[in-house]
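Dear colleague,

Here is the structure I promised to hand over, and below it you will find my notes on what I found. Please keep the structure open beside you while you read.

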Amino acid sequence: MKKKQILLSAIFLVIGLPSLAFGRPYQEGVSEDVLRIFNRLTVEEKIGQLFMVTFQGKDLTPASDIHQLISDSHIGGILLKRENANWRSGEGEAAAVLALSNGLQQIEADGAIAEESAEGGEYIPLFLAIPGGGDGYPDTQLAAELTHIASEMSIGATWQPSFARATGHILGQELALLGINMYLGPSLDVLESPNPGTTGDLGARTFGGDPFWVGKMGQAYVLGIQEGSDRQVAVIATHFPGIGASDRSPEEEVATIRKAFGDLQLIDLAPFAKVAASAPGLLGIADGFMVSHIRYQGLQGNIRTSTRPVSLDPQALSLVMALPEFTAWREGGGITVSSSLGAQSMRKFYEATGQTFSNKGVALNAFQAGNDILQISNLASLEGQTELQAAIETIKYFQQSYETNSEFAGKVDQAVLRILALKKRLYPDFSIASVLKPDTGLANLKSDTVTSADICRAGATLISPDPASTGGMGIEPPTSADRIVVLTDSRAVAPCPSCATELDIAPTAFADTILRLYGPGASGLIAPTRVQSYSFRDLFGYLQGVDLPDLEIALANSTVIVALIRTPSPNLPESYAFQTLLSDRAALIRNKNIYVFALGAPYYLDSTDISKVYAYYALYSKHPSCLEVGARILLGDISPVGASPVNIEGTGYDLLTVLAPDPNQLIQISAEPYGAPASTATPTGLMMQTQTVSPTPIGFMLGDHITFTAGPVVDHNQHIVPDGTGLSFQIDFPEGDIPPLLLVAETVDGMARVDYVLNREGVMQVSAFSEPAKNSTVIRLAVGEEPGFVTELAPTENLEPTPSPEITPTATNSGTLSGNGGKVRAGWDTLLLMILILGAVSAAILYLAGRFGYTACRWRILLSSLVGGLAGYDLIAIAYSGANSMAVWGGRWLSVLAGTAGAVLGAALAWASIKWRTEIEAGLRRLFQ
């Protein structure tokens, strides 16, 4: 262990050296076109490419700050944000954003033309970025006139990457039409353990809590953006190396995560590795990572040592980037983008460590740590200093350092080459004509009206009662006789600084949806007078003693309460109103059916709260389509089919258990020649539990190299298990005294494979198990000098690895086992024959009883015959106790034979007992006469 720590420390020190950070020089793989542009750049233009700025308003005149930063400081990127009033939300939003993006690119082009005769003068398109996020305001930057993008968790709850890809496609297409060419998303954070009630709670802004599925969804999302934008939108995955375990927002305070490096690799980094599996430029591969302000305790093996924020720590960031899963991506041009260096968390960190926050110092630290692009918003550090002054001062400081420090200049060159290569992938032709977007594209916005609705329907989840035990069938919907009160967590938002405050969800939205679908204009099931709506603000006021007689009467008279809950916020006391109602006002909710729909993450109610709720569902989104799905679920029109992608402590829902192999599945096994194309399969529901016995046309002989494939292995939700799930192939040799052989493999996309050389003559049988799933088909192969064919035998259940070469038959509840380990099943045909035989025996009993004078006892004999017949049949059919040994020679019809014998024996015993009793009674009468 000590040697291992020394070796790890040595590696860490080497890769932490600034001069060697992040591997070989990137210039080795740069195209001639990029090098030509790079060699024409001035120092000012090179330095400018490193910076991404924000600005207030939308003034692009020569007197504006942003015009000066573009034309004089040659900045390379701009982060556009709704809250900076870069556009006004509402009608005309899309046209305003398009005009803004074209105007900014035109400023850069005009500056290049003006300097064309001087040194440099190269037009390089600007990065125009927006922060990622879905589900409308406040998380979505562009919402009014663009397609409503589903939240990441609502996509994760579908367990279908195709939805992630479709959503990304819509997003990429619409951003490209508006001239936005960089998207800071999707979030690849793994919410391993939810943190409700903390500022670090991710809510629905994550695909889920399993690294495999977060990576799979994230890769599909990236692919969709690239396809939809025709590769004209750069995708910068957030928040590297992962903030899922953070207990506070990295923007507010630098969080410390206590996690060993191995755990970081297995969980937090795994989704990023998925989208960095190759060099950027390929579909499904992220163009960059946004590095978060987060620190780790125990990253280097010492639990008492914490890193600086990774965004400022060259050793920590180098240690992560030097991992094999990121080396090729980084050397191939993957870029790193810092989080906002002027964030409140940065200022608090410097103050806490006794340092002075300096705009130049924090930017230099972030660049030296390994960030290629620096976000320098809110960077003013001196009293009276403007944002423009702080940005210009920082940029000039970098220019001076470039000219005086060759090592620093080398790092700048490497970063600029990566940035230029990315821009060249977006725009092969660096001309203003190829960058500007026409306004005719606005007609193609918001053209998709199906995807979000499909995601809502596929992701809607029954949280409580346990869907595994009820399947939703035990939940009764409200009827026309019920009085329904709808409580909605409506929140006031201002979509932009100059916009009027509005409610993001109308308190009547859900009730209006119910009446639209089931009111007088539709089925007429629900009368308008029987549905009343109130906001959480109303409920909070009432619980605080505000006189609201209408709400008091409505609650008192209601038989059904429907609550639409969201992420509680300490800044919004009313967001806790429903929990207060459950905990403090038992009299108000007594004898009422309470239905809860979570419009965000599903883990905000504790077990006590949930125990008071009749039905608890998760919709994960406040989109109108999701409200409609909720209304249809409430009235019993549809059943929820999604499953939570995160742990839910209140119900004991554990993702690790859910994603384990389903013990009730039948694992399929096949054999192919080594090197044959790998077979794939995607389960769509419950696996078939029967297998037809049939030989394959492939012959194998002694010395052949063969590949055994098993799968797809599915979890409890009938989706493929995460990659890396263990599966064992068991090879038995029934004809010899040879112990079974176990070959261990891991699944990839639900399938597991092992290679094997046929080096022993004789019969071999192959089965598979993946704990706790032990049922599989069995393939049999006779190996010899002549080609033998693989035969698939009837499935063997509950196989256990044994030290014996023989598979010992064991009792099961659904059939018997043959001598070769295969299941011998009683079926409908055997049952039908057994019924016919029992009928014939019964008729014979009735006839013979009348013929020989036993008419009075015929029903007793008949009942005994039926009991004996059914007992004999069931004894074999369900393989009870020692019946397996008989099943070996008797086959599947043994159950009929046993049933017939049982019927005859039962009749005989009944007749004998009656005869014996009659003789005893006659003897007693003679004795006492």
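Please bear in mind from the start that this is a predicted model. I begin with serine 728, which has its place in strand E22, the strand that covers residues 726-732. Since buried means under 20% relative accessible area, serine 728 counts as buried because its relative accessibility is 12%. Leaving aside its neighbours within four places in sequence, serine 728 is in contact with Leu743, Val744, Ser767, Ala768 and Phe769. One of these partners, alanine 768, is 40 residues apart from serine 728 along the chain, yet the C-alpha atoms of the two are separated by 5.6 Å.

Burial is also the theme in helix H26 (residues 624-634), which is mostly covered, with 8 of its 11 residues buried. Among them are Cys626, Leu627, Val629 and Ile633. What do the buried residues of H26 pack against? They pack against two helices, H18 (451-459) and H20 (509-518), and against the strands E16 (560-565), E17 (593-598) and E18 (615-618). After H26 comes glycine 636, whose phi is positive, near 80°.

Finally, please look at a pair of helices, H14 (residues 359-369) and H16 (residues 406-426), which pack at an angle of about 70° with their axes 11 Å apart. That angle is why H14 is described as roughly perpendicular to H16. In this contact, Leu364, Phe367 and Gln368 of H14 meet Phe408, Lys411, Val412 and Ala415 of H16, and by class the contact has 5 nonpolar, 1 polar and 1 charged residues.

With best wishes

How values were computed
Residues numbered from 1 in each chain as written. Predicted model: local features only at pLDDT ≥ 70, side-chain atom pairs only at ≥ 80, totals over all residues. Heavy atoms only, no water. Buried < 20%, exposed > 50% of the residue type's maximum accessible area, 1.4 Å probe, protein only. Helix = DSSP H or I, 4+ residues; strand = E, 2+ residues; numbered from the N terminus. Contact = heavy atoms within 4.5 Å. Axes fitted to C-alpha atoms, helices over the stretch in contact; angles between N-to-C directions. Parallel < 35°, antiparallel > 145°, perpendicular 65-115°, else oblique. Nonpolar A, V, L, I, M, F, W, Y, C, P; charged D, E, K, R; others polar.
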